Amino acid sequence: MLVLVAPGQGAQTPGFLTPWLDLPGAEDRLRAWSAAIDLDLVHYGTKADADEIRDTAVAQPLLVAAALLSARQLFPTTADLVPRVGAVAGHSVGELAASALAGVFADDVAMSLVRARGLAMAEAAAVTETGMSALLGGDPETTLAHLDRLGLTPANVNGAGQIVAAGTAEQLAALAEDKPEGVRRVVPLKVAGAFHTHHMAPAVEKLSVAAASVDAADPAVPYVSNSDGGAVGTGSEVVARLIGQVANPVRWDLCMETFQERGVTALIELCPGGTLTGIAKRALPGVRTLPLKTPADLDAARELIAGSAPSSHSSVAE
């Protein structure tokens with residue numbers, strides 16, 4: 001069973017879209033999205049520096065555009081995806097790309113929503129100096145109790161020994177000085193706010209307004225939600241979770257448990273791939289993983305897709 005996943009914020013690097021623009025139609029598609037959301041995705045994906053693409057309002061649309069651009073090289077439409085993909089999921093903002101790939105709404109709607117999401121979260125992040133840090137290693141229960149004592153939120157529970165803490169700059173500084181027992185490293189992330197925490201409550205309200213007019217279809221393939229790892233069967237519920245997830249923790253560990261329960265044998269991470277496949281290698285031993293970094297990875301992805309069993313989708317939701 002093949003799973004298709006889209007990465008979240010922090011996966012972007014300067015110039016990562018440059019090689020993708022050589023593909024037929026890729027630059028035209030990016031420029032059309034750019035015009036629709038009033039953001040130059042071509043510039044930010046090819047020429048912008050690390051600080052420019054760290055901006056939440058830029059990073060989020062850029063990542064969803066990259067995921068969709070790479071996915072459409074493999075599956076031009078959702079109908080092409082349905083026979084071969086057993087489930088789709090995205091990490092944080094990657095959920096918007098996953099929703100479009102599942103057929104909940106069109107790619108241009110996903111781009112419109114992610115533009116609204118990025119702007120709203122950037123505005124919320126500007127109120128207080130906040131951020132996120134990844135904790136590598138350690139016992140989850142010990143780590144969670146330690147974070148609670150420091151007033152930090154476990155914003156991402158990623159599995160495979162990785163938890164991401166979010167909070168104010170002062171709280172994160174205290175964490176760097178006082179690591180939980182067993183944690184090997186505390187790594188500040190390239191994000192500009194405490195996402196998936198109460199600090200993002202204002203963004204939830206704004207995204208809710210932006211999504212009010214969206215006509216959402218039911219997923220054509222199982223859509224696995226960050227909220228609880230469950231497969232969501234209705235478009236309206238997908239949209240409701242996309243909105244609420246802005247201020248609630250990402251449970252990627254539970255998503256991977258669902259992949260395993262459904263018999264995952266292969267996992268492709270869309271551009272800019274690497275982070276989620278790295279986690280999967282540790283948490284899902286025996287599963288073939290492939291990150292899409294450049295177009296040079298597409299042939300290997302096509303081989304992996306061709307070798308995966310056809311998907312029946314006998315139960316889209318549970």
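Start with the whole protein chain coloured by secondary structure: 14 helices and 10 strands are present. Both kinds of element are DSSP runs numbered from the N terminus, helices being H or I with at least four residues and strands being E with at least two. The model is predicted, so local features need pLDDT of at least 70 and side-chain atom pairs count only at pLDDT 80 or more, while totals for chains, interfaces and linings use all residues. Residues are numbered from 1 along each chain as its sequence is written, and side-chain values use heavy atoms, with hydrogens and water left out.

**The whole chain**

Show the C-alpha trace; along its principal axes it spans about 50 × 40 × 35 Å. The radius of gyration, taken over C-alpha atoms, is 18 Å, which agrees with the value near 20 Å for a compact globule of 318 residues. That globule rule is 2.2 Å times the number of residues to the power 0.38.

Next, colour by burial. Of the 318 residues, 54% are buried, where buried means under 20% relative accessible area, exposed over 50% and partly exposed in between (1.4 Å probe, protein chains only).

**Strands E1 and E2**

Select residues 2–6, strand E1, together with residues 87–90, strand E2. The two strands run parallel and are joined by four bridges; strands count as paired if DSSP finds at least two bridges between them. One place to look is Val-5, whose bridge partner in E2 is Ala-89. Which residues of E2 point the same way as Ala-89? Ala-87 does, while Val-88 and Gly-90 point the other way, and all four are buried.

**Helix H6**

Move on to residues 94–101, helix H6, where eight of eight residues are buried. Among them are Glu-95, Ser-99 and Leu-101. Just after the helix, select Gly-103, which has a positive phi near 90°.

**His-196**

Now select His-196, in the loop between strand E6 (183–188) and helix H10 (201–211). Is His-196 buried or exposed? His-196 has a relative accessible area of 2%, so it is buried.

Then show what surrounds His-196. Contact means heavy atoms within 4.5 Å. Leaving aside neighbours within four places in sequence, the contacts of His-196 include Ser-92, Arg-117, Thr-153, Ala-155 and Asn-156. Gln-245, Val-246, Ala-247, Asn-248, Pro-249 and Val-250 are also in contact with His-196.

To finish, draw a line from the C-alpha atom of His-196 to that of Cys-255; these atoms are separated by 16 Å, and the residues are 59 apart along the chain.
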